[in-house]
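Good morning, colleagues. Please bring up the structure, and I shall begin with a single residue before turning to the chain as a whole.

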Amino acid sequence: GNIIVNKLLDTIRDSSDSKERVRLIHLIEEMGEEAISIIKERIHINAPWYFLRNLAYIMGRIGDENSVDMLQPLLLHKDKRVRMETFKSITQAGGNMKGALLLSVLPQADQDLKVNIIEVLGKIKSIEAVSELMNMLKNKSSISKDHQISLQEKICNALGAIGSTKAIPLLSE
């Protein structure tokens with residue numbers, strides 16, 4: 001069990017052959033839940049970006065709402081590829097926990113991830129996000145005017161999709 005999964009993960013980390021890495025990832029996926037605790041132990045911010053991206057990918061396939069929280073630190077990783085793969089995995093496997101998990105990193109997220117998070121919060125009708133989204137809409141940030149307008153549009157769309165009457169006065173302005 002653990003020895004095999006660790007060996008497979010070591011090979012994924014060290015192999016330069018992409019076909020081999022894909023085959024090994026599929027083997028770990030077939031192991032399912034048994035691999036989750038070992039993957040959790042292997043998620044370290046200082047690990048190579050490509051390895052972390054692969055771990056996030058695997059968790060999107062075998063994880064669920066009870067295990068996806070282990071990916072939260074990767075949403076703020078310095079490498080965009082890691083952040084985006086982690087985001088995809090959380091939206092796939094996060095179940096009822098994805099809203100709270102994504103909302104917890106929204107203030108620190110980079111611009112691209114922020115937009116993606118806001119869209120998902122609207123799609124899942126996250127009532128918990130209404131206050132934060134309203135605050136973001138009120139606050140004029142230091143980002144460029146084009147990004148500001150785009151972000152405001154996404155926030156308005158998300159608030160509209162959520163349908164909270166609390167946001168009506170702000171949206172009417």
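Let us start at S126: setting aside the neighbours within four places in sequence, S126 is in contact with L121 and I162. Please bear in mind that we are looking at a predicted model.

Where does S126 lie? S126 belongs to the loop that runs between α7, residues 111–123, and α8, residues 130–138. Is this residue, S126, buried or exposed? The relative accessible area of S126 is 3%, and the cut-off for buried is under 20%, so S126 counts as buried.

I now turn to the chain in which this loop sits. The chain holds 10 helices and zero strands. Read from the N terminus, the order of its elements is therefore α-α-α-α-α-α-α-α-α-α, with helices and strands taken as DSSP runs. As to dimensions, the C-alpha trace spans about 60 × 30 × 20 Å along its principal axes.

Next, burial and contacts. The chain has 173 residues, of which 45% count as buried. Among the contacts with a separation of 6 or more, 62% are between residues 24 or more positions apart.

Finally, the surface and the charges. The chain exposes about 9400 Å², and carbon and sulfur atoms supply 50% of that area. How many positive and negative side chains does the chain have? There are 23 positive and 22 negative side chains. The centres of these two sets lie 5 Å apart.

To return to the opening residue, S126 is a buried loop position, in contact with L121 and I162 beyond its sequence neighbours within four places. Thank you for your attention.

Technical notes: Residues are numbered from 1 along each chain as its sequence is written. This is a predicted model: local features need pLDDT of at least 70, side-chain atom pairs count only at pLDDT 80 or more; totals for chains, interfaces and linings use all residues. Side-chain values use heavy atoms; hydrogens and water are left out. Helices (H or I, at least four residues) and strands (E, at least two) are DSSP runs, numbered from the N terminus. Buried means under 20% relative accessible area, exposed over 50%, partly exposed in between (1.4 Å probe, protein chains only). Contact means heavy atoms within 4.5 Å. Accessible areas come from the Shrake-Rupley method with a 1.4 Å probe; for residues, only the protein chains shown count as cover. Lys and Arg count as positive and Asp and Glu as negative; His and the chain ends are not counted. The place of a charge is taken as NZ of Lys, CZ of Arg, CG of Asp or CD of Glu.
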